[in-house]
Amino acid sequence: MASKDVENSQDVLRRAGDASVLILASLADGPKHGYALIQDIKGFSGVQLGPGTLYGALDRLERLGLIAELPSEDRRHPYRVTAAGVTALRSHLDALERVSMTGRLRLRLGVV
Amino acid sequence: MRRSHESRIIAGVLRCYPARWRSRHGDEASVLASALLDNGTPWWSIAGSFFGGAAKERASRTSSLRVGSALAAITVGIAAVPLALFASLTPASASSTTITIVISKPGDAVRQLESAFATHHFKITVAESPVATDLVGSILSLSTVGASSDNAGAVSELYGQCNGGGSGCVDGLVLPVHYSGSVRVTVGSATTSKDVRRPNLAKPSVQ
């Protein structure tokens, strides 16, 4: 298997979907419950996550051990990012940054 | 539409979720829906999102139910979405059905997938890649091959148990019944070589 694939396999968020990345980015500054997540994500990314999408992504992230549920407050469950989640988010953002830098560099070269 | 009516419709859609999901998230989902209605989110947008989530949840639940079952070499089913109760709420496209394919024998994953894809006339090829033991029989990646009318994004992955008991491995797929995309699925295979792929959460990626 090519080394590129080995590198990609460390980025566990690569195939987890955009919602998962947005949720982890939102939880990176502290625990939040569902409604707070939707509002925060809309604020920093402009993306309005649907509640069905949100819960699907939360379940997926929890199964992967990237987030954990905290004790409920008023019928709402806050979630926090785990150490593995921080590492996964960092890896994914590094990968995105490489793509971003390459794209910007190539645009600057003026091919198009 | 009056607020109480909207809430009732959303509560009806939430009943589409499996009981286990409802016991865990149902209460909070109702509170969340209420807060979204308060801030002006359209009821049909909330109901539509929950409806889609319920369909996916039911599709993925079929994989967890089969864990431990030695009866079927592979489970191929049509995930029935409970549309009858909510026909008045959903757009016509929501009545489409999907096919769920789950790997039940990690050591025989390639043959199982090839057989299931052939049965349903999907243009999907299966490749193998050497991996660590816990990823043997798991789906590692999906990629679109050449120009295709349907891309790999239309295929959903099911997360289930890893070989040996861990969780979070992709052990199944959900595809639209009439899926016509040309896709390659890569499956983890046992190996004795040193070329082993293994997601490592403990280390950041090497630059």
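Which residue is the bridge partner of B:Glu128 in E7(B)? That partner is B:Val187. Bear in mind as you look around that this is a predicted model. Its overall scores are ipTM 0.76 and pTM 0.52.

**The sheet in chain B**

Let's stay with that pair of strands for a moment. E3(B) and E7(B) run parallel and are joined by 7 bridges. On the other flank, E7 (residues 183–189) of chain B pairs with E4(B) in the antiparallel sense, over 5 bridges. Put together, that gives an open sheet of 3 strands in chain B, in the order E3-E7-E4, with mixed pairing. The edges belong to E3 (124–130) and E4 (139–144) of chain B; each has a single partner strand, so one side of each is left without a neighbour in the sheet. From one strand to the next, the twist averages 25°.

If you want to find the register by eye, here are three facing pairs to click on.

| Residue | Residue opposite or bridge partner in E7(B) |
|---|---|
| B:Glu128 | B:Val187 |
| B:Leu142 | B:Val185 |
| B:Thr144 | B:Val183 |

Is E7(B) mostly covered or mostly open? Mostly covered: 5 of the 7 residues in E7(B) are buried. Helix H4 (residues 109–119) of chain B lies across E3 and E7 of chain B, and runs at about 170° to E3(B).

**Chain B as a whole**

Zooming out, chain B holds 4 helices and 7 strands. Read from the N terminus, its elements go α-α-α-β-β-α-β-β-β-β-β. Of the 207 residues in chain B, 35% are buried. Take the contacts in chain B between residues at least 6 apart in sequence: 73% of them join residues at least 24 apart.

Now for how far to trust it. Chain B has a mean pLDDT of 71, with 66% of its residues at 70 or more. Within chain B, confidence peaks in helix H2 (residues 19–38), at 90, and is lowest in strand E1 (residues 74–79), at a mean of 36. The pLDDT is below 50 over residues 67–96 of chain B, a stretch that has 48 contacts in the model beyond near neighbours in sequence. Residues 199–207 of chain B also stay under 50, and the model gives them 19 contacts beyond four places in sequence. Where pLDDT is low, the predicted coordinates should not be read in detail.

**Over in chain A**

Helix H2 of chain A is mostly covered, with 8 of its 10 residues buried. The buried ones are A:Ala19, A:Ser20, A:Val21, A:Leu22, A:Ile23, A:Leu24, A:Ser26 and A:Leu27. What covers them includes H3, helix H4 (51–63), strand E1 (67–69), strand E2 (79–81) and helix H5 (83–108) of chain A.

Follow the chain onward and you get to A:Asp29, in the loop between helix H2 (18–27) and helix H3 (34–45) of chain A. Is A:Asp29 buried or exposed? A:Asp29 is exposed, because just 10 other C-beta atoms lie within 10 Å, and a residue counts as exposed at 12 or fewer. A:Asp29 also sits 9.1 Å from A:Val81 in space, C-alpha to C-alpha, although the two are 52 residues apart in sequence.

Definitions and conventions: Residues are numbered from 1 along each chain as its sequence is written. Chains are lettered from A and ligands numbered from 1 in the order in which they are written. This is a predicted model: local features need pLDDT of at least 70, side-chain atom pairs count only at pLDDT 80 or more; totals for chains, interfaces and linings use all residues. Helices (H or I, at least four residues) and strands (E, at least two) are DSSP runs, numbered from the N terminus. A residue is buried if 20 or more other C-beta atoms lie within 10 Å of its own, exposed if 12 or fewer, and partly exposed in between; C-beta atoms are placed from the backbone. Two strands pair if DSSP finds at least two bridges between them. Axes are lines fitted to C-alpha atoms, for helices over the stretch in contact, and angles run from 0 to 180 degrees between N-to-C directions. Two residues are in contact if their C-beta atoms, placed from the backbone, lie within 7 Å. pLDDT is the predictor's confidence in each residue, from 0 to 100.
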